[in-house]
Amino acid sequence: MEWTPLCRSETVESGAVVEITVDGREVVLWRGRSGVICVMDARCPHQWSPLGAEGRVEGDELVCTAHFWRFDREGCGTKVTVLGRRDRKADIRVHPSRERDGVVEVMVGTAQLEGPPQAEDGVAR
């Protein structure tokens with residue numbers, strides 16, 4: 001396992017959503033009100049909407065503007081529009097990341113970057 005640089009820290013301003021491909025996988029980087037960087041899969045688990053184009057940051061959550069599902073920095077689906085509450089099936093994969101010497105880095109070579117997320121029943125979502 002090793003840390004892979006993605007971009008300069010200033011590339012991801014507070015409230016910005018930036019899409020990047022790492023090892024053939026599309027991810028989005030975003031920074032909420034707290035200033036902490038987050039790297040997660042670039043597609044909403046609902047209808048696979050692209051979060052790079054259809055995501056916006058509100059507070060410390062990323063909102064998919066296609067159907068207004070919300071995700072926190074841990075990838076938890078904090079609000080599913082139809083339910084109006086959290087739903088574990090709405091979680092999105094978050095990748096280990098850090099900022100070091102002005103560079104955003106992500107951990108590669110880990111299970112987090114291999115394949116689609118698995119539901120509790122073992123079926124890919």
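These are a few numbered notes on the strands, hairpins and a handful of individual residues in this predicted model.

1. Start with the open sheet. Four strands make it up, running in the order β2-β3-β4-β9, and the pairing is antiparallel. At the edges sit β2 (17-22) and β9 (94-95), each of which pairs on one side only.

2. Within that sheet, have a look at how β3 and β4 go together. Strand β3 covers residues 25-31 and is joined to β4 by five bridges, with the two running antiparallel. If you want pairs to click on, tryptophan 30 stands opposite cysteine 38 in β4, and arginine 31 has isoleucine 37 as its bridge partner in β4. The two strands form a hairpin with five residues between them, and glycine 35, in the turn, has a positive phi of about 90°.

3. On to β4 and its link with β9. These two also run antiparallel, joined by two bridges. Valine 39 is one residue to check here: its bridge partner in β9 is histidine 95. How much of β4 is buried? Five of its five residues are, so you can call the strand mostly covered, given that buried here means under 20% relative accessible area.

4. Arginine 43 deserves a stop of its own. You'll find arginine 43 in the loop between β4 (37-41) and α1 (51-54). Is arginine 43 buried or exposed? Neither, quite: its relative accessible area is 27%, and because that lies between the 20% and 50% cut-offs, arginine 43 counts as partly exposed.

5. What does arginine 43 touch, once residues up to four places away in sequence are set aside? The list is Glu26, Trp48, Ser49, Pro50, Leu51 and Ile92. For tryptophan 48 there is a specific atom to look at: the side chain of arginine 43 reaches the backbone oxygen of tryptophan 48 at 3.0 Å. You can also pick out glycine 55, twelve residues from arginine 43 along the chain, with a separation of 9.4 Å between the two C-alpha atoms.

6. Now for β6 and β7, which pair in the antiparallel sense over four bridges. Leucine 62 has phenylalanine 71 as its bridge partner in β7. As for side-chain directions in β7, Trp69 and Phe71 point one way, while Arg70 and Asp72 point the other way, and all are buried.

7. Next along, β7 pairs with strand β8 (residues 77-79), again in the antiparallel sense, over two bridges. Arginine 70 stands opposite lysine 79 in β8. The hairpin of β7 and β8 has four residues between the strands, and there glycine 75 takes a positive phi near 90°.

8. Glutamate 61 is worth zooming in on. Glutamate 61 is placed in strand β6. Why does glutamate 61 count as buried? Because its relative accessibility is 18%, and the buried class takes in anything under 20%. A polar contact of 2.6 Å joins the side chains of glutamate 61 and threonine 78. Leaving out neighbours within four places in sequence, the contacts of glutamate 61 are Trp30, Arg56, Arg70, Phe71, Asp72 and Thr78.

9. Last, a couple of backbone angles. Most residues other than glycine have a negative phi. Aspartate 23, in the loop between β2 and β3, goes the other way, with a positive phi near 50°. Aspartate 23 is exposed because its relative accessible area is 64%, and the exposed class starts over 50%.

10. Phenylalanine 68 also has a positive phi, near 65°. Where is phenylalanine 68 found? In the loop between β6 (61-64) and β7 (69-72). That hairpin has four residues between the strands. With 43% relative accessibility, phenylalanine 68 falls between the 20% and 50% limits and therefore counts as partly exposed.

Note on methods. Residues numbered from 1 in each chain as written. Predicted model: local features only at pLDDT ≥ 70, side-chain atom pairs only at ≥ 80, totals over all residues. Heavy atoms only, no water. Buried < 20%, exposed > 50% of the residue type's maximum accessible area, 1.4 Å probe, protein only. Contact = heavy atoms within 4.5 Å. Polar contact = N/O pair within 3.5 Å; in protein donor to acceptor, adjacent residues only side chain to side chain. Pairing = 2+ DSSP bridges.
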